[in-house]
Amino acid sequence: MSLINKSAYTSDTYFTSDAALNEAVVATYAGLLHNGMWAREWYFTFDLLGYDAKNNQPLVGDLLQLAQYNYGPDQNQMGQIWSALYQIIARANVVIDRAQVWKPDPNKPIEATHQTQYIAETKFLRAYAYFQLVNLYGRVPLRTKYITLPTPADINLGRSPVADVWAFIEKDLKDAEAGLPVSYSASESYGRATQGAAVALLGKSYLYEKKWALAQTELTKLTQAPFSYSLAPVYNDLFDDPNQNNPALNPETIFQVMNQKWTDWGVGNQYYVFGGQETWGGKATHSDRAQEYGWNDWNNVLVTTTAVKAFTYPNPVTPAVNYVDPRAAFTFYGDAASGGQTQYCQQCTPGVPPIAYPYASKGYAWLKYEYYNKQSSFGGPQSGINGQVIRYADVLLMLAESYIQQGNTGAEPLALINKVRSRPSVNALLYPSLGSQANAMSILMRERQLELTGEQSRYFDLIRWGIAKQTINSERQIEDGTQPFQDKNLLFPIPLAEKNANSAVAADISGDWN
């Protein structure tokens, strides 16, 4: 005879209050900082694969395998990314199911508002997870609901067609757009998805699906009321704590992964990204990017010479003359000829002048997402700089692309590209025209590369434009004499752990890859 523990929580007894459902929503956001995601592996994976970053001597092990395109189904990052994204999906499914069963208190109108909001937030997060899965792995199991007692058929769920996954993403984001607020109160605004985030991700989804007209319509919404996004006047305020959380300094962020300052939660400690336990220290979230990328700290990766050279290109007004893009000085440390930043410690000690960056011994190193203007080294992986997931400049460039892909290279896309270039702290020369569709796309591609260097964008752009293999191999051949990108690299391998756990997926894998 078995005894029932009447004090134990079940899904029926726990999710019965506003507070409990909010905790479940927060737990869904927490997946963004799990292994494989934004605390550590995400930026290493896609900066290296997109060839914004290259390995320096300290980089070893599985991360070095990524840098060399020498990975397979048993690669840690392949499994970690898959697992973290499905954890987000599983938690979202719980919230969506339980929040619809929950009966808000009629005497507390805010609870009905929260019910709609919680469902919309987790539909956004579920759509985000499937967006990444379908782009990285192609056909994936489409787990759409919370199941309390899964059957073998539920566990061994087969892979859905790519079109079905995209349709599910679109539906979730339309629902999220309808249910999310345009903004939150100051006390609860940190880290939560807004209506603008859902609009941006839906527009981005249409763009990736090559539904250009729908992308144009959706992304245009973000340039109009009720939205009030604009470009941050100072470029580096996007990547500098605490300016990134100040709407007056940073009106550009649409959705970001928070570090240190969330609305109502924090997990881990500064070493949890390396497998440390929460009991090691106080609770707070961190990214170790500043330390691991930092030239005066661990210095695991360098900026590729390819990325540096992209900042020097034909003058937009006088093409016969080369032009050095001003964004170089906000992106990397280097020499004067490259346009990179040549000084650091501008704010380290009041009254003490900045220090010359040691380019001769350090080469091209990362400035974006670093603190070296304020301190000479870190000494621990405690960076609170948030990860930019979608920001307004990205939206403007995606909107420009939606016009160009439809054959419009006129005033509308030209104004959008020039708007990004004319940010006050950048003031890059403006293009007088975009020319032919092919020329306009070349300009657009370069603008995305320069504006979003080190933001895990280029890998996805090269894949969706269908030029990943030729571009990566050409750049690598020049820089290190290799051509590592193979046809199979257009998709990630289905992780070995999923293959071992799901017989339907295992039977559907071709060539032990995907």
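Visitor: Why is Tyr-86 counted as buried?

Guide: In this predicted model, Tyr-86 has a relative accessibility of 11%, and since buried means under 20%, Tyr-86 falls in that class. Trp-82, at 5% relative accessibility, counts as buried by the same cut-off.

Visitor: How far apart are Trp-82 and Tyr-86 in helix H5?

Guide: The two residues are four places apart in helix H5, which spans residues 76–101, and so they are separated by about one helical turn. An α-helix has 3.6 residues a turn, so residues three or four places apart point the same way.

Visitor: What makes the pair formed by Tyr-371 and Phe-378 edge-to-face?

Guide: Their ring centres are 5.7 Å apart, which is within the 6.5 Å limit for a pair, and their planes stand at 65°, which is over 60, so the pair is edge-to-face. Both Tyr-371 and Phe-378 are buried.

Visitor: How many aromatic pairs does the structure hold, and why is the one between Trp-82 and Tyr-86 called tilted?

Guide: The structure holds 42 aromatic pairs. For Trp-82 and Tyr-86 the ring centres are 5.1 Å apart and the planes meet at 50°, a value that is neither under 30 nor over 60, so the pair is tilted.

Visitor: How do you know that the charged end of Arg-289 sits over the ring of Trp-366?

Guide: The charged end of Arg-289 is 5.4 Å from the centre of the Trp-366 ring, which is within the 6 Å that is required alongside a limit on the direction from the ring normal, and Arg-289 is accordingly listed as sitting over that ring.

Visitor: What makes helix H6 roughly parallel to helix H9?

Guide: The axes of H6 (residues 109–137) and H9 (residues 195–208) come within 11 Å and cross at roughly 25°. As angles under 35 degrees count as roughly parallel, H6 is roughly parallel to H9. Their crossing is left-handed, and among the residues that meet are Phe-124, Tyr-128 and Phe-131 in H6, with Leu-201, Lys-204 and Tyr-208 among those in H9.

Visitor: Why, then, are H9 and H10 called roughly antiparallel?

Guide: H9 and H10 (residues 212–220) pack at an angle of about 165°, with their axes 8 Å apart, and because angles over 145 count as roughly antiparallel, that is the description these two helices receive. The crossing of H9 and H10 is also left-handed, and the residues that meet there include Val-199, Leu-202 and Leu-207 in H9, and Trp-212, Leu-214 and Leu-219 in H10.

Visitor: How do you know that Leu-416 is buried, and what is Leu-416 in contact with?

Guide: Leu-416, which is found in helix H16 (residues 411–421), has a relative accessible area of 12%, under the 20% limit, and is therefore buried. Leaving aside its neighbours within four places in sequence, Leu-416 is in contact with Leu-396, Leu-399, Ala-400 and Tyr-403. Leu-399 is 17 residues away along the chain, yet the C-alpha atoms of Leu-416 and Leu-399 are separated by 7.7 Å. Other buried residues of H16 include Pro-413, Ile-417 and Val-420, and what covers the buried residues of this helix includes strands S6 and S7 as well as helices H15 and H17.

Visitor: Why is Gln-75 called buried, and where does Gln-75 lie?

Guide: Gln-75 lies in the loop between helix H4 (61–67) and H5. With a relative accessible area of 4%, Gln-75 is under the 20% cut-off and therefore buried. Leaving aside neighbours within four places in sequence, Gln-75 is in contact with Asp-62, Gln-65, Leu-66 and Asn-70.

Technical notes
Residues are numbered from 1 along each chain as its sequence is written. This is a predicted model: local features need pLDDT of at least 70, side-chain atom pairs count only at pLDDT 80 or more; totals for chains, interfaces and linings use all residues. Side-chain values use heavy atoms; hydrogens and water are left out. Rings of Phe, Tyr and Trp (its six-membered ring) pair if their centres lie within 6.5 Å; planes under 30 degrees apart count as stacked, over 60 as edge-to-face and the rest as tilted. Buried means under 20% relative accessible area, exposed over 50%, partly exposed in between (1.4 Å probe, protein chains only). A charge sits over a ring if NZ of Lys or CZ of Arg is within 6 Å of the ring centre and within 35 degrees of the ring normal. Axes are lines fitted to C-alpha atoms, for helices over the stretch in contact, and angles run from 0 to 180 degrees between N-to-C directions. Angles under 35 degrees count as roughly parallel, over 145 as roughly antiparallel, 65 to 115 as roughly perpendicular and the rest as oblique. A crossing is left-handed if the near helix is turned anticlockwise from the far one by less than a right angle, and right-handed if clockwise. Contact means heavy atoms within 4.5 Å.
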